[in-house]
Amino acid sequence: MKIRLKFSKDGVMKYIGHLDVMRYFQKLIRRADIPIAYSTGMSPHQIMSFAMPLGIGLESDAEYVDIEITEPISSKVAINRLNDESVEGIRVKSFKLLPDNARNAMASIFAAEYEVGFLEGYEPDFSCFDILNEMYNEPCINVLKKTKKSESVVDIKPGIFSFSDSGKGIRMCLSCGSVLNVKPESVITSIYEHMGQKADELTLAIRRKEIYTGSQNELISLDMIGTDIE
Amino acid sequence: MKKTALSEEILLTVEKPARYIGNEVNSIVKDKDKVDVRFAMCFPDVYEIGMSHLGIQILYSMLNTFEDVWCERVYSPWIDLNKVMKDLNIPLFALESQDPVKDFDFLGITLQYEMCYTNVLQVLDLSHIPLYSSDRDWSHPIVIGGGPCTYNPEPLADFFDLFYIGEGETNYRKLIDLYKTCKSNGSTRNEFLRCAAGIEGIYVPSMYTVSYNTDGTISSFEPIYDDIPRVIHKAIVMDLSDTFYPTKPIVPFIKVTQDRVVLEIQRGCIRGCRFCQAGMLYRPVRERNVDLLKSYAADMLKCTGHEEISLSSLSSSDYSSLKELVDFLVEYTGSRRLNISLPSLRIDAFSLDVMSRIQDIKKSSLTFAPEAGSQRLRDVINKGLTKEIILDGASQAFLGGWTRVKLYFMLGLPTETEDDLRGIAELSNDIARLYYELIPKSERHGRVQIVASSSFFVPKPFTPFQWAAMDSRDSFLKKAHFVNDCMHEQLNSKSIKYNYHEADVSVLEGVFARGDRRLSKVLKTAYEKGCLFDAWTETFNEQPWLDSFNECDVSIDFYTTRERSLDEILPWDMIDTGVSREFLKREWENALNGRITPNCRAACSGCGASVFGGGVCYENKA
């Protein structure tokens with residue numbers, strides 16, 4: 001049985017990197033006694049896959065991990081057990097049974113929504129929303145993408161699906177997945193560049209709000225798929 | 001929401017910020033307004049090393065069972081954060097509350113190896129606590145040292161207010177009660193220290209004066225008051241089943257060295273290897289009850305979620321219920337898809353059977369620690385392992401499918417000759433040859449892999465070798481090169497890999513292991529020159545150390561290559577471990593004559609540890 005877990009990552013937990021979050025969940029699932037399935041072979045491991053790594057320093061309301069279990073367990077009981085065994089900063093929010101034909105979380109992601117604010121004392125002297133609005137009227141928004149081997153210019157405009165003013169900063173829905181992956185830091189950097197300033201990524205307070213599957217016309221959050229187990 | 005002592009900008013720029021945030025599963029957070037005593041327990045090395053230490057977990061959990069005490073953890077900030085904290089003058093903090101250590105009542109520092117001593121100074125310095133005990137007042141924490149290095153605490157004497165000699169489970173309650181009394185009744189800090197000296201196992205270095213002969217040896221070691229004890233008896237737990245066990249160990253977020261449940265099955269060792277300090281310090285052997293161990297194991301696996309459990313002791317094969325315990329663990333972990341990692345067990349039919357059940361033979365290796373290359377020298381060090389035993393174990397293992405063997409040796413043992421060194425290469429070769437004789441060509445998958453490693457012997461206090469001369473750095477290296485050459489002469493040299501440790505670190509370890517109070521200024525000088533994390537190859541730097549010895553006019557050779565006379569006053573003579581000086585002398589003579597001493601279960605050799613009234617000394621005397 002395939003299960004999709006949604007959890008939030010807050011506070012000091014933002015300093016725990018993706019690999020350590022994976023290790024954390026392996027141990028959490030054992031402590032909570034969730035009947036997880038194991039792979040076969042010489043060194044069996046828990047069947048578990050995360051939707052999308054979250055960088056160190058980012059918080060999130062919507063992280064997803066798919067697991068497989070060997071016997072049914074009520075969603076409510078599972079959530080309670082997991083949260084009883086978890087630390088402050090990691091809260092399991094849903095535990096849903098996926099239809100047999102559901103694609104795994106990682107393969108199905110299409111977009112992610114972020115809220116970007118600024119650490120106290122590092123607020124910009126302009127409105128990111130206004131500037132992005134202005135930039136969006138241009139035919140393209142080019143950013144320099146650096147890899148270990150090369151540098152290339154990428155137009156991220158088609159990957160910015162929507163954005164709004166959140167009061168303290170900006171909220172944006174960005175393309176992710178294998179085709180065009182836009183990071184919130186890149187958008188902010190290009191806004192600053194547009195203003196002739198340099199953004200310091202360390203001073204951004206970024207929070208992932210949701211991860212979506214579906215299409216640009218019909219965004220479906222990953223926890224809309226699947227049903228609670230009674 | 002939990003606060004952090006370090007700002008977000010700092011945490012996001014240092015390596016592994018998870019080292020500094022606390023919040024781990026099973027870490028203990030109390031209301032600081034509801035406790036009387038704040039205790040910061042420190043392992044002066046990086047988080048991943050410190051978190052792997054069982055002793056701290058035991059004391060942390062125990063102290064936190066006291067309602068009036070909140071014990072938190074402190075580790076050495078790695079060099080990247082060290083620099084930031086010094087530059088920005090940020091005080092060192094404890095992980096749980098993120099509060100500055102300088103505001104605590106106690107700072108306990110465990111001393112597990114000599115090469116962490118500059119890190120001790122770092123912890124004091126970053127905490128903004130005066131380095132010297134004499135410069136502290138009631139506004140500073142009481143700085144207390146524990147762990148194996150406190151059996152010769154003298155090189156650190158000036159930096160600590162107290163040392164706790166022995167096992168921590170016994171007298172912390174008394175010490176904390178005394179502290180509370182002294183703080184509330186208007187006693188001075190010095191009066192508290194003087195009273196603390198009356199608690200068993202507590203050594204207060206400032207209450208003693210040392211004078212020296214013209215040749216540099218100690219002429220007298222005297223208490224400064226009549227009520228200060230001349231001898232400090234180690235504190236020891238005699239009933240290990242009735243004592244405290246940390247069944248809810250902390251689970252780190254990042255991968256640490258010991259990323260598993262650790263089950264301490266016994267303390268002490270019956271073997272009596274003459275080079276081994278732990279084997280002498282922790283006498284007599286005391287076992288934990290096997291039924292309790294089974295329930296601890298299950299509890300700890302459950303409440304940590306770890307996927308592996310390992311056994312801890314000096315010589316697990318000597319634990320009398322080992323088979324029962326291991327059978328239980330194999331069954332328990334097997335059905336839950338967990339793993340067991342076994343410590344180096346004696347290689348025999350039983351251990352090979354267990355290993356073949358729990359691990360992939362192709363990937364695992366066998367470990368032997370002959371320590372010396374010839375039978376003569378193994379008799380000198382009382383390592384009761386013969387070539388026959390090794391070859392017999394190896395042949396069973398080869399027939400069982402193993403193809404990898406690790407061998408551990410020491411160079412620079414007392415009475416060592418070139419023949420003994422050549423023996424290391426010959427023994428390695430004999431094991432390789434055995435493989436090719438036993439396993440027909442058609443059944444081999446490539447070569448057998450023999451990895452021989454050697455460390456340099458460092459004489460330690462409270463061992464029969466405490467009087468022995470240690471080799472110089474040059475002599476160590478010459479020996480290592482000689483062994484390396486001998487390895488190349490072997491017929492099967494292509495199947496053997498030989499590694500040896502760094503000699504410069506071993507020399508320093510030798511200085512501090514048997515050092516005295518005069519070394520504190522060398523230590524402070526070296527720290528001021530930037531020496532830190534000396535146990536790490538990547539950060540160890542020998543030159544500033546050599547400069548520090550020069551500047552302080554302290555001779556390295558005085559502490560290392562000099563053989564002590566049997567009547568010399570040794571810096572650690574005020575400590576009584578239960579093992580008598582007469583026994584150690586007898587063993588030193590036995591060593592020089594190549595006479596072996598039977599293990600504690602085979603026959604009692606009258607070491608003195610029976611004074612504690614329990615353990616192996618009384619096993620069959622009910």
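**Exercise 1. Work out how many residues each chain brings to the contact between chain B and chain A, and how much area they bury.**

Start with the head count: chain B puts in 30 residues and chain A 25 residues, where contact means heavy atoms within 4.5 Å. This is a predicted model, so local features need pLDDT of at least 70 and side-chain atom pairs count only at pLDDT 80 or more, while totals for chains, interfaces and linings use all residues. Residues are numbered from 1 along each chain as its sequence is written, chains are lettered from A and ligands numbered from 1 in the order in which they are written, and side-chain values use heavy atoms, with hydrogens and water left out.

Next, the area. The two chains bury about 2,600 Å² between them, 61% of it on carbon and sulfur atoms; buried area is the accessible area (1.4 Å probe) that two parts lose on being put together, summed over both. Of what chain B buries against chain A, 24% comes from E8(B), F253(B) and R337(B), more than any other three residues supply.

**Exercise 2. Find which residue of chain A forms a salt bridge with E8(B).**

The rule (a side-chain nitrogen of Lys or Arg within 4 Å of a carboxyl oxygen of Asp or Glu) turns up 3 salt bridges across this interface. One of them links E8(B) to K14(A), with the closest N and O atoms 3.1 Å apart.

Then ask which elements of chain B are involved. α1 (8-11) and α9 (290-304) are the ones that give two or more residues to the side touching chain A; helices (H or I, at least four residues) and strands (E, at least two) are DSSP runs, numbered from the N terminus.

**Exercise 3. Decide whether strand β1 of chain B is enclosed, and place its neighbours in the sheet.**

First, burial (under 20% relative accessible area, 1.4 Å probe, protein chains only). For β1 (residues 37-43), 7 of the 7 residues are buried, so the rest of the structure largely encloses this strand. V37(B), F39(B), M41(B) and F43(B) point one way, and R38(B), A40(B) and C42(B) the other. That's the textbook pattern: in a regular strand the side chains alternate between the two faces of the sheet.

Now the partners; strands pair if DSSP finds at least two bridges between them. β1(B) runs parallel to β2 (residues 69-75) over 7 bridges, with V37(B) opposite V69(B). On β3 (residues 106-110) there are 4 bridges to β1(B), again parallel, and M41(B) sits opposite G108(B).

Finally, the whole sheet: it's open, has 6 strands in the order β2-β1-β3-β4-β5-β6 (chain B), and its pairing is mixed.

Notes. Buried < 20%, exposed > 50% of the residue type's maximum accessible area, 1.4 Å probe, protein only.
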